[in-house]
Amino acid sequence: VDQDWKNGHLTKVKVQSHAGQPLYIKYPGIAAKTVRNSAGKKVKFKAKDANTIVVSKTKVGETYTIEM
């Protein structure tokens, strides 16, 4: 996990899949954001609520990025 912060606010999160398991991320307002893979393509996810998303299928070695 790699995180970028500015003035106390999260600006970017990068998560690399090591096991190909679902990716769960919880952060205020995250469901309104876009998840992209290493190639910059949008990745589908399910919003459990406004603050929680799940990428159900990840690929081993792939990095997933969310810009806040």
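**Note on the strands, core and polar contacts of the model**

1. In this predicted model, strands E4 and E7 pair in the antiparallel sense, and their pairing runs over two bridges. Within this part of the structure, Val 35 stands opposite Ile 66, a residue of E7. Both Val 35 and Ile 66 are also listed among the residues of the largest nonpolar core, to which point 4 returns.

2. The pairing of E4 with E7 belongs to an open sheet of four strands, whose order is E1-E2-E7-E4 and whose pairing is antiparallel. The edge strands of this sheet are E1, which spans residues 2-6, and E4, and each of them pairs on one side only. The loop between E1 and E2 contains Asn 7, which has a positive phi of about 55 degrees although Asn 7 is not a glycine. Asn 7 is exposed, because its relative accessible area is 70% and the cut-off for that class is over 50%. A colleague checking the backbone may wish to look at Asn 7 with both its phi of about 55 degrees and its exposed position in mind.

3. A second open sheet has three strands in the order E3-E6-E5, again with antiparallel pairing. E3 and E5 stand at the edges with a single partner strand each, so that one side of each is left without a neighbour in the sheet. On average, and with direction ignored, neighbouring strands of this sheet are turned by 20 degrees against each other. E5 and E6 pair in the antiparallel sense over three bridges, and a hairpin joins E5 to E6 through two residues. Two of the bridge partners can be named: Asp 49 is matched with Thr 52 in E6, while Ala 47 has Ile 53 in E6 as its partner.

4. The largest nonpolar core has 12 residues, namely Leu 10, Val 13, Val 15, Leu 23, Ile 25, Ile 30, Val 35, Val 43, Ile 53, Val 55, Tyr 64 and Ile 66. Two or more residues of this core are given by each of strand E2 (9-16), strand E3 (23-26), strand E6 (52-55) and strand E7 (63-67), and the largest share, three residues, comes from E2. These contributors include strands of the four-stranded sheet, such as E2 and E7, as well as strands of the three-stranded sheet, such as E3 and E6. In soluble globular proteins, nonpolar side chains tend to be buried together.

5. Leu 23 offers a view of this core from one of its members. When residues up to four places away in sequence are not counted, Leu 23 touches Val 15, Ile 53, Val 54, Val 55, Thr 58 and Tyr 64. Val 15, Ile 53, Val 55 and Tyr 64 are listed in the core together with Leu 23, and the contact with Thr 58 leads to the next point.

6. Thr 58 is found in the loop between E6 and E7. Is Thr 58 buried or exposed? Thr 58 is buried, because its relative accessible area is 13% and the cut-off is under 20%. The side chain of Thr 58 makes a polar contact with the side chain of Ser 17 at 3.1 Å, and the Thr 58 side chain also reaches the backbone oxygen of Gln 21 at 2.6 Å. Beyond residues up to four places away in sequence, Thr 58 touches Ser 17, Gly 20, Gln 21, Leu 23 and Tyr 64, so that the list holds both of these polar partners as well as Leu 23 and Tyr 64 of the core.

7. The loop between strand E4 (35-36) and strand E5 (46-49) contains Ser 38. A polar atom of the Ser 38 side chain lies 3.1 Å from the backbone nitrogen of Thr 63. With residues up to four places away in sequence not counted, Ser 38 touches Glu 62 and Thr 63. Between Ser 38 and Gln 16, the separation is 22 residues in sequence and 9.4 Å in space, C-alpha to C-alpha.

8. The structure holds one salt bridge, formed by Lys 12 with Glu 67, whose closest N and O atoms are 3.6 Å apart. This pair links distant parts of the chain, with Lys 12 in strand E2 and Glu 67 in strand E7, 55 residues apart. Lys 12 is partly exposed at a relative accessible area of 23%, and Glu 67 also counts as partly exposed, at 48%.

Key:
Residues are numbered from 1 along each chain as its sequence is written. This is a predicted model: local features need pLDDT of at least 70, side-chain atom pairs count only at pLDDT 80 or more; totals for chains, interfaces and linings use all residues. Side-chain values use heavy atoms; hydrogens and water are left out. Contact means heavy atoms within 4.5 Å. A polar contact is a pair of N or O atoms within 3.5 Å; within protein, one must be able to donate a hydrogen and the other to accept it, and residues adjacent in sequence count only if both atoms are side-chain atoms. A nonpolar core is a set of buried Ala, Val, Leu, Ile, Met, Phe, Trp, Tyr and Cys residues joined through side-chain atoms within 4.5 Å. Buried means under 20% relative accessible area, exposed over 50%, partly exposed in between (1.4 Å probe, protein chains only). Two strands pair if DSSP finds at least two bridges between them. A salt bridge is a side-chain nitrogen of Lys or Arg within 4 Å of a carboxyl oxygen of Asp or Glu. Axes are lines fitted to C-alpha atoms, for helices over the stretch in contact, and angles run from 0 to 180 degrees between N-to-C directions.
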